[in-house]
Amino acid sequence: MQPLRLCRSLLFLPASNPRAIEKARGLPADLIILDLEDAVKEEDKESARIAAVEAARQGFGGKLVAIRVNADIGHHFGEDAVAVRASGADFVVLPKAETAKKVQDAASLSQKPVLAMIETAAGVLAAREIAAHTAGLIAGTNDLSADLGLPAGGGRSGLVHALQSIVLAARAQGVAAFDGVFNGLDDADGMAAECLEGRAYGFDGKSVIHPNQIDAANRFFGPSDAEIAAADRLIAAATGGAERHEGRMIESMHVVQARAVLAKARR
């Protein structure tokens, strides 16, 4: 399993907030995303870009690091991407990806693997072509809900087709897929339910926007003790070909799945 697919939690934080950056170094998020886009005021864009490059240079204790650039707004995209190229970031995050060409442009300018955010109807329809030029896809559920005209507070039932399309596109191209954010910062039950739903759809992990969401994402997108024990038993019992194990038929595909469970458990 590729290292990116082992990520359970993707923490977005404003690159303009030095306190948040420093705090993130001690948090258990698997991937840190320094945001230059929505979380940063227009007048702070340039200083945030400088801060993101410096934060990536200092690192986050061995964690993967990405920088989210601005989309097609003024001159920010090009300057952001060039800055990312000179940084120590592992990935560039491209918001509102709608064409493969824009992803290729981001990769060319930044010289980094791209994580493309699918945040519009056009992005969903082009997701397979986009995924072919990325290291992974991230569902941008807030913007996507707005673009689709879904009612606020209406849950995610209207997003089911789009979310599954994102996972299908990522899997068809062999790249990672990450669920979008949960907006309820103090709703632990809602966060847990959305994590379970996202995992059931096939997402590798979840975007988070607050430190108190990290543990839930790590817990629900990581295997349980029971899943780990079952994977250990299956691998130990498998001898090749189709065979009976604990009341069901298993084959090599199930062994691959069991090894993926152990990899996700950092085993």
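The following questions and answers go through a predicted model of one protein chain.

Local features need pLDDT of at least 70 and side-chain atom pairs 80 or more, while totals for chains, interfaces and linings use all residues. Residues are numbered from 1 along each chain as its sequence is written, and side-chain values use heavy atoms, without hydrogens and water.

User: What is the radius of gyration of the protein chain, and which value does the globule rule give?

Analyst: The radius is taken over C-alpha atoms, and the rule is 2.2 Å times the number of residues to the power 0.38. The chain is as compact as a globular protein of its length, because for 267 residues the rule gives 18 Å and the radius of gyration is 19 Å.

User: How do helix H3 and helix H4 cross: parallel or oblique?

Analyst: Helices are DSSP runs of H or I with at least four residues, numbered from the N terminus. Axes are lines fitted to C-alpha atoms over the stretch in contact, with angles from 0 to 180 degrees between N-to-C directions. The axes of H3 (residues 76-85) and H4 (residues 100-110) come within 7 Å and cross at roughly 50°. Under 35 degrees is roughly parallel, over 145 roughly antiparallel, 65 to 115 roughly perpendicular and the rest oblique, so H3 is oblique to H4.

User: Which residues of H9 are buried?

Analyst: Helix H9 covers residues 188-201. Buried means under 20% relative accessible area, with a 1.4 Å probe and protein chains only. In H9 the buried residues are Gly 190, Met 191, Ala 192, Glu 194, Cys 195, Gly 198 and Tyr 201.

User: Which residue follows H9, and what is its phi?

Analyst: H9 has 14 residues. After H9 comes Gly 202, with a positive phi near 110°.

Terms used. Helix = DSSP H or I, 4+ residues; strand = E, 2+ residues; numbered from the N terminus. Expected span 1.5 Å × (residues − 1). Buried < 20%, exposed > 50% of the residue type's maximum accessible area, 1.4 Å probe, protein only.
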